[in-house]
Structures are given as C-alpha cells and as structure tokens.
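Here is a short set of exercises to work through with the model open beside you. Try each task before you read its solution.

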Amino acid sequence: MNGEEHLISMLVNNKPGVLSRVAGVFGRLGYNIESLCVAATTDPEISKITLVSKSNSDSTERTKKQLEKLVDVVEVTELGQIQSVQRELILIGIKLQQEHRAEIARAVDIFGCKIISMKSDYYILEVVDNKEKIETVLNYFAPLGIEEIARTGVIALQKDK
Amino acid sequence: MQKAAILEKCGFFIKIGRYKMEKTGAEIILQTLKEEGTEVIFGYPGANTLPIHDRLMESPIKHYLMRHEQAAAHAADGYARATGKVGVCLSTSGPGATNMVTGIATAYMDSTPLIALTGQVTTNLLGSDAFQETDIIGITMPITKHSFLLNDVEEVESTLKEAFELARSGRPGPVLVDMPRDVLTASCKLDSKSNNGQRSKKQHTSPKEKLEQIKQIATYLNRAERPIIIIGGGVKLGKACTQLSELIKKGRIPFVTTMMGIGSIDSSNGFNLGFIGTHGNELANSTIHHSDFILAVGTRFSDRSTSNIEEFAPLATIAQIDIDPTSIGKNIKVDLQLISDIREAITEMIPLVEKKERPEWFQRINKERELSEKRGSREGCGPAGKLISMIQDVMPEKTTAVADVGLNQIWTVRSWQPKTPRGLITCGGMGTMGFSVPAAIGAKIGVQNQEVVAFSGDGGFYMNIQELATISYYNLPVKIVVFNNGNLGMIRQLQDLFYGARFNACELGNKVDMVMVAKGFGIDAGRVSVNDPESGIEKMRKTDGPYLLEVMVDPDTYVFPLIPPGLSNIEMIYRRSD
C-alpha cells in the first residue's frame, strides 16, 4: 500500500475481541498495519492502542470514522510528528566476529545502546528511540552481522493534553 | 449414569426443581426480552436454541416460525421499520446463524434496530470445530453495530439490556448476541449482577457548541437565496418528521429526500421535489445541482444519492446534521456540521429560521419542473407505476407498501405516495433481493390493523419464495404483487444501455406458473397484464386473507430517467435511445 505513515492512538474498552474489531477495520479497507502496541492504561478497564498504518490522508479520515463507529472504541486521535513524543524499543542479536569487536563497542557507545546479553560470540543489544534513530542503528549494524531483531512498534504520547 | 445426569452433563438439562429460586439463561433471556418490550420473535430452531424454544411455551412472547433464517432477519427488520420498535430474530448456531447474515447486513446498512440471537455450541467446545460451530461473532463484525458472546449466565441479563440499548440508541443498528447452549441451561438468580458493562463514548460536542452550530446553520439558511433540504432515513429514525415539516413550512424551503427518506414528510405540502440519486426525480437532482445552500439531515450522502461526488452540488455550501459523528463528512466534505439528535436540533432551529417567500427560487424550480415534464421524466415508471398508484387508490389510506429490489423497487418508490413516515418500507443501502415478502410478514405482524402490500419482481420473489408457506400457515393477510417480466429487469436494462444489448444471465424465463405455485402454498392468486390490471386489483382487494397478484410485464419495460455510473446528478438518460 502506497501512502504516508499515519500514527493513530486509540483508547478502547479492555474487553475480549476489541483488538480483532480494530484490526478488522484496517483489513477490510485494504490497509496493512505497520506496527501495533496495546496495553492497559492507568484505568484497567481502558486500553491504549498505538497503531501505524500507511494510507493517504482521505483514506485515514475514512478509517478513523469506521474506528469511531466501534462501540468499544472510546477515542481516536491521529498523532503527528510535531505534536507527539514517539518511542520504539528494538532488540538486536549480533553474531560477534573478532574483527568487528572494536567497532561494535564504539557503535554501542555512540548510539547509546544497552548490551543486555553477552556471550562469547553473540550479543543482544537494546535500543530505545524514535523510529528514524532506530533505522539508523539498524543500517549501521546490518553489515556487522545482525542475526535477529525484535521490535515493539511505536508508542506515542501527545505533548500537550 | 441416569438420564437426567446425562442430559445435565450434555448441557441439555433445564434445572427447575433444584434451583427453584433461580432462573436459567434461557428464562432470563425471555424475561429480559419481555421487559424490553419484545412481543414477537421471528426464528427457526436448532438443537442449540432448544432451551429457549422450550421456555417460550410459557412466555407471552409469540414465536413465528419462518421457513429460512434469512427471512427471519428480514421479518424482524420489517417489523422494526413498520413499528419503530426493536425487531428480534433467533437462529441456531452454524448454518442457522450464517443464513441470517444477509438479513443482518440489510438491517445494518439501513440502521434498523435489531437483536439477532444466535445459538452456539457449549463453551467447552468453542474452538474445537464442533458440530454446527461457527464464529458468527467474527463473521458479523463488520455488519453489526456490536456483538456479544455470552460467557456466563450471570452476565446474560446485563448483556441483553445493553444490546437493546445499543440497538435503539444513537444511530440504531443490529446487535448480535451469541448464546452458548450451556449458558442457556445454567442457572443464577435474576438481577444477581448489576449492569456495569455500559460502554462510554467521548462526548463530541458540548451543549454550548451545539447551540452555536445551530445558530450558524440557521444564519446560513436565512441568508441563502437558493436553499434546499435533503432528508435522509435518519429523520424517520430520529422521529423528527413533524419538527422538520414545521421548519420547512416556516422558512418556505423546498426539500428533496433520499430513497430512505421518502415519506418522512407529507409529500403533498408543495415543497417536495422528489428523491435524489441514480433513479431519482429529475427535478430533485437538478434543484440540488443549482442550490446555493444544502441542509442535509440524517443522510450519509450515499453514492446512490450523490452520483459523481466531484460534481455534486458544485455551488452549494453544505451543512450536515446527524446523530452519528462518523457519518458526517464521510462521503462528501461539508462546510458546517452538527452532531446531534435530529429532533432536538431542528426544534431548536425553528425559532431561528426566518419566514421567507423566496419567489425567485420557486420561480426557477417551477420552470425546471415544466422542462422536466416536457422531457417526459414523469412517465419513466410507465404502466407499472400506474398500476402501483391504482393499488394505492383502492387500499385504505394507511396501507404500508414494502418494495423489493430491482425495477419494481424504483417503480414502487416513485409511484407509492406514503401517507405516514412508515408507509413505505424498502431496503436502500444493501439492495437485498428477496427482502419484500419476509419484511412484509414482519410489518403485517407489527401493524396488524393496517394493510400491507409487498411489491416484488420475479427475481426477488424467487429468492424467498418459501415464505409463502409462513404466510399461508399463519394466514397472514399480506398482499403480494409480483411484476413478472421473465428477467432480472434492472440487469437487463443495464446490459441493454451500457453493454451493447449483450444480454447474458438475466433471463429467468416464464416456465413457472406463479399462480399455481401460490395456490400450492395455499394462497389465492391471480394473473393480469400490466396494461389491464383492474380485475386483478379488484380481486386482491376483496380477498380477506393473503393474495398473490402476478403482473405480466414486457421485459423491455425499463425505468427512466437514470444517471449512468460515474456521471453527475444532472446527466440523466431519459429514454433507451439517449
């Protein structure tokens, strides 16, 4: 699907089947969900869904209206880059080759990564940052032998509430 | 193991003796339905709903056994549209539930308040691909306002109450409640759990903002030189017909309707220009095109109403009022919006609207009316339209007409002049062939003191023909008029006009003797030509019970004018040679 990435934040009732209904809206309109994070808020009856999807602006408006139609959706907000703080967590597993040891140590330092597991030939690094920074880190480590990654997808909060 | 113990283990046993002070899930459902005003259920039983059918024998709620679950949903829909109450339909799990899908979707598209109760396998079998297990919640997610799976007998009452509240509040719609058999047979004390499951929605507009928006819309309306009101189905649903009529008369504002809005306001008050859209009235479409201000009330601007949205009402400022925030600006970008209960909004707007004569605007409209009459646009329904008018003339004033889908629908909605907002029922959004006969059953049961006439084509009639058995069994005095052109007429017209007259898959043929079929079902029937219908209409009128009138129509009888796909509302075709 072509189009810009849109970051949508939703408050929903914390009940079975709600996520499926939300995801179903994107599925039936033909939009892929690029990333999705869900967890309860300070109110255990309400969950927050943060979702990134690609579409053009008109389609996003239509999608938002379909989401608002769902009985269990309390609020739908589209967040822009400027008005929100965005973070993503990524774990990177790197096969360690001796000749890269010094470079990896330097990169860990420069990018502010955390080494959370270290064996003789395998590191797992943790990076928490915005999407651009994470892409930069991934691009840097790619030639050094990334074995595996796991990323959470974007979570975000509005700067002004 | 003793029989009772085996039955209990299988989830069939209804615990009456040991739990005298308690009620089963099935009993709670029936009691809650009664408390919510349910008088009738349209259904079809299966093993998984037998706990309910068993307890129905002691309930004041009457169950009508339909011959197909799709028809049960349409009947509940017709009942709801005719009465303004919530319709209830019931099916078993698996194929029973999936058969109801078309009926549920039809209700969803036209915002009919409906409760669809579906049986389900016992909770311990969910996900095991058990016999007649289907994920009906998953299947119906996009076509219900909401759905519930009953997990526990303790939550049955609160869930049912919430389902009714959802079905009839805000923008009404169908709500599905899936009922595992063991929940129906389990027991608990009624009122054992308070209804704490109410969903809360964000308040979109504060009362102060609302009043400002009403004032703003009224100001635009007063300033407008060529204003028009579009009335959608939401006006009937919001019970705002009287208030809107008052506003129209005070401001002398002409109005058009969508197909679902037909009948909202007495069409004889002189301000009605007809209905808009693909098969709408030429005058209605052209007036919209030339207007400078549109007040759209209770309509979502469906593509059938607007045709090409890029060219819709190019000169107009558009204001939209709807209770459903998601319908505002969904299909057409609007300049002013008001999310509100329509009746409240219009009531507050009436004192703000100025009395105005608007002579130039009406002069222009009258000129357009003359031109369109010269072009012969009123003759578009031909002899079929005349026949429908003749039937209306001989029937009592408050007769309800139920139209199916196809040419017969356009003939009916353009020729039947409903005297009350609920005097014409048809399915707009979904275009479901086979709707009219079962919906007429529901309507007749809902308004027993009124006559009900179902209009259908041969194609739609065949789709739920089995319901003649229901009509016959209950001796429901429903009148059925079937226009038989031996074809899928609308498809034939489209192939004729836009596919070079290459007719394919549209001919049904005339080998079926409909009169004999009806008589085989135990229903009196007769056959007439569309050009010579008097004797048949007379016989139908005089028959006390149900009657089927087969009307033979030439397959080249089409409906005009119409807007070809992709064109604007003023680019109409008036005849086959255009």
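**Exercise 1. Describe the build of chain A.**

Step 1. Reading from the N terminus, the elements of chain A follow the order β-α-β-β-α-β-β-α-β-β-α-β-β. That amounts to four helices and nine strands; helices (H or I, at least four residues) and strands (E, at least two) are DSSP runs, numbered from the N terminus.

Step 2. Now the overall dimensions: along the principal axes, the C-alpha atoms of chain A fill a box of roughly 55 × 35 × 30 Å.

Step 3. Of its 161 residues, 41% count as buried. Buried means under 20% relative accessible area, exposed over 50%, and partly exposed in between, with a 1.4 Å probe and protein chains only.

Step 4. Among contacts in chain A with a separation of 6 or more, 76% come from residues 24 or more positions apart; a contact means heavy atoms within 4.5 Å.

Before going on, some ground rules: this is a predicted model, in which local features need pLDDT of at least 70 and side-chain atom pairs count only at pLDDT 80 or more, while totals for chains, interfaces and linings use all residues. Residues are numbered from 1 along each chain as its sequence is written, chains are lettered from A and ligands numbered from 1 in the order in which they are written, and side-chain values use heavy atoms, with hydrogens and water left out.

**Exercise 2. Work out the surroundings of strand β12 (residues 293–297) of chain B.**

Step 1. Start with burial: five of the five residues of β12(B) are buried.

Step 2. In a regular strand the side chains alternate between the two faces of the sheet. On one side of β12(B) sit B:F293, B:L295 and B:V297, and on the other B:I294 and B:A296; all are buried, so both faces are covered.

Step 3. Look for the neighbours, remembering that two strands pair if DSSP finds at least two bridges between them. Strand β9 (residues 227–231) of chain B pairs with β12(B) in the parallel sense over five bridges. Strand β13 (residues 317–322) of chain B is also parallel to β12(B), and five bridges join them.

Step 4. B:L295 makes a handy landmark: B:I229 is its bridge partner towards β9(B), and B:A319 is its bridge partner in β13(B).

**Exercise 3. Which residues of α10 (residues 207–223) and α15 (residues 342–349) of chain B meet, and at what angle do the axes cross?**

Step 1. The two axes come within 10 Å and cross at roughly 60°. Axes are lines fitted to C-alpha atoms, for helices over the stretch in contact, and angles run from 0 to 180 degrees between N-to-C directions.

Step 2. α10(B) and α15(B) are therefore oblique to each other, since angles under 35 degrees count as roughly parallel, over 145 as roughly antiparallel, 65 to 115 as roughly perpendicular and the rest as oblique.

Step 3. From α10(B) come B:K210, B:L211, B:I214, B:I217 and B:A218, which meet B:E344, B:A345, B:E348 and B:M349 of α15(B). These residues divide into six nonpolar, no polar and three charged. Here Ala, Val, Leu, Ile, Met, Phe, Trp, Tyr, Cys and Pro count as nonpolar, Asp, Glu, Lys and Arg as charged, and the others, Gly among them, as polar.

**Exercise 4. Lay out the six-stranded open sheet of chain B.**

Step 1. The strand order is β16-β15-β17-β18-β20-β19, with parallel pairing.

Step 2. At the edges are β16 (424–426) and β19 (524–529), each pairing on one side only. On average, neighbouring strands are turned by 20° against each other, direction ignored.

Step 3. Helix α17 (residues 382–394) of chain B packs on this sheet, touching β17 (452–457), β18 and β20, and its direction makes about 170° with that of β18(B).

Step 4. Within the sheet, β18 (residues 479–484) and β20 (residues 547–552) run parallel and share six bridges. B:V481 stands opposite B:L549 in β20(B).

**Exercise 5. Find the backbone exceptions in chain B.**

Step 1. Most residues other than glycine have a negative phi, and most peptide bonds are trans.

Step 2. B:D129 has a positive phi of about 55° and lies in the loop between β5 and α7. B:D129 is exposed, with a relative accessible area of 72%.

Step 3. B:N475, in the loop between α21 (467–474) and β18, has a positive phi of about 50°. B:N475 is exposed too, at 51% relative accessible area.

Step 4. Finally, a cis peptide bond joins B:F560 and B:P561, with omega about -5°; B:P561 is in the segment after β20.
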